[in-house]
Amino acid sequence: MATPKKPPVVKTGITGLDEILRGGLPASNFYILQGAPGSGKTTAALQFLLAGAQNGERCLYVSLSQTTAELKSIAVSHGWKLDGIRVEELSASDAVNGASDQSIFQTTELRLDETRKAVEQAIEDHKPTRLVYDSLLEIRLITGDSPRFRRELLGFKAFLAKHGVVALLLDTQTSGSSERNGEEVEGIAHGVIRFDKSLEEYGGVRRRIEVSKMRGVPVADGYHDMAIREGEGVIVYPRIIPGTASETVKPQLIKSGVTALDEMFGGGQESGTTTLVIGQSGTGKSTMSSLYATAALKRGESVALFLFEERLETFFRRSEGLGMDLRQFHKDGQLIIRDFNPNEISPGEFGKIAQEVVTREKSRVVVIDSFTGYLNSLPHREKAVRDIQSLLKYLARSGVLTMLIVAQHGLLGQNVGIDVDVSFLGDTVLLLRISEHEGKLRRSITVVKKRHGPHDLDVRELLIQSSGVSVVPYNPLPEL
């Protein structure tokens, strides 16, 4: 029996959305794009039509709510031109101008009929393959009740199917209307895409997308982070699925360049694992990451470093103070460093950036410094932990050694903790501590956990000096 052919799809032109849709929108169908005002519907609709125009398709934007000048203004803000897109500007309230002599008062039925005729005539005249209808809110207001609105959608759906048009209908949701809107359109449309916009107590607006319905397509359901970027429009960041890692790499030992430290790990750390470097401020957490990064770079491997707290120049100067000159590796592109403002990036966007860097550069060591600073900027830290867990699994299956820098409270003492329990994320846990002895501070290092293979359980002293980093036996404090 022959395998049925996959139906043709239409690319949306929205970065990341086609990945969620497993290629694009099934052709010759009717789709609803829902969202509150300012959620990005119009921008996404223009991207949809621009993708068609670039492909040589006829594209039509029927607007009942926005003027041509407003649409051009949105396009200009992103550096786009509406060449190849026909804008048909209508007004549901004025659509009966041609029949206004028949009656002083325009009845609802007359307004609805004339609006429908104007839209259908525009489609007949321009014969588009892609259509944006903006918006259903105006039609809902004219119809006045759900049964009539539903009949209107069913009739319009049949008309579009007859003409082979892929249509994206924009539906503005107002407060408390999302449930009602969903009941009216989900049963009719081939697919429903929702844009979600929320303002947290601190930081910028958070935007998400959900494909709540798509007939015949096994979409990546649930919420995905998205953003609106100047010059790029709407960008979607699909959640990372660990199983999509391009390859499974045979584990190898990754050394630090400090023999005594490698011996604590039974010869070195394994690729394809995650190491949590936990400690208070000043214990040497970032120094540990620089140590492994330098060793990997000297072996000719690529390293990716994601900074959420330390400035780039501070990182370079601190490393140079320990004899680790990393500037040239960065200039040569072997060391990839991204310096983030944690208040301006969502978990989905960060995961996508990390995934692309590792895939493109074949990085063998990845450092996130610090994971604590990243978590502290997010309103829902527990969700961020789940997101980072998916990313860590992806990196592990790509054969990457990932080092997560996790800060503890306070400066001195051992009765300290972490805001969010992340210990389960690590295959290996490296604990760094600092204590006072005879007027001096002493750093200690311990391998608390190593999931794969043997490791040293001894507490050793960590020496961080201008000549470099060393690990020596720890002489305990004398008993009083």
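Four cavities of 30 Å³ or more turn up in the structure, which is a predicted model. The largest of them has a volume of about 120 Å³. Its lining takes in 13 residues, and R116, Y133, I139, E152 and F156 are the ones that lie nearest the centre of this cavity. Three helices each give at least two residues to that lining: helix 4 (108-126), helix 5 (136-143) and helix 6 (146-163). Helix 4 chips in the largest share, with five residues. Sorted by class, the lining comes out as nine nonpolar, three charged and one polar.

Now for the rings. The count of aromatic pairs comes to seven. One of these joins F306 and F350 edge-to-face, with 5.5 Å from centre to centre and 90° between the planes. F306 belongs to strand 15 (residues 303-307) and F350 to helix 12 (residues 347-361), so this pair ties together parts that sit 44 residues apart in sequence. F306 and F350 are both buried.

F308 and F340 make a pair of another kind: their ring centres are 5.2 Å apart and their planes are at 20°, so this one counts as stacked. Here F308 comes from the loop between strand 15 and helix 10 (312-320), while F340 comes from the loop between strand 16 (335-339) and helix 12, so the parts tied together are 32 residues apart in sequence. F308 and F340 are buried too. Put together, F306, F308, F340 and F350 make up one aromatic cluster.

Charges also meet rings in this model. R130 has its charged end over the ring of F48, 4.8 Å from the ring centre. Likewise, the charged end of R208 sits over the ring of Y223, at 3.7 Å from its centre.

How values were computed:
Residues are numbered from 1 along each chain as its sequence is written. This is a predicted model: local features need pLDDT of at least 70, side-chain atom pairs count only at pLDDT 80 or more; totals for chains, interfaces and linings use all residues. Side-chain values use heavy atoms; hydrogens and water are left out. On a 1 Å grid over the protein atoms alone, a cavity is a set of points where a 1.4 Å probe fits but cannot get out, and a pocket is an open set with protein on both sides within 12 Å along at least five of seven lines; lining residues have an atom within 4 Å of a point. Grid points are joined across faces, edges and corners, and a volume is the space filled by probe spheres set on the points. Helices (H or I, at least four residues) and strands (E, at least two) are DSSP runs, numbered from the N terminus. Ala, Val, Leu, Ile, Met, Phe, Trp, Tyr, Cys and Pro count as nonpolar, Asp, Glu, Lys and Arg as charged, and the others, Gly among them, as polar. Rings of Phe, Tyr and Trp (its six-membered ring) pair if their centres lie within 6.5 Å; planes under 30 degrees apart count as stacked, over 60 as edge-to-face and the rest as tilted. Buried means under 20% relative accessible area, exposed over 50%, partly exposed in between (1.4 Å probe, protein chains only). A charge sits over a ring if NZ of Lys or CZ of Arg is within 6 Å of the ring centre and within 35 degrees of the ring normal.
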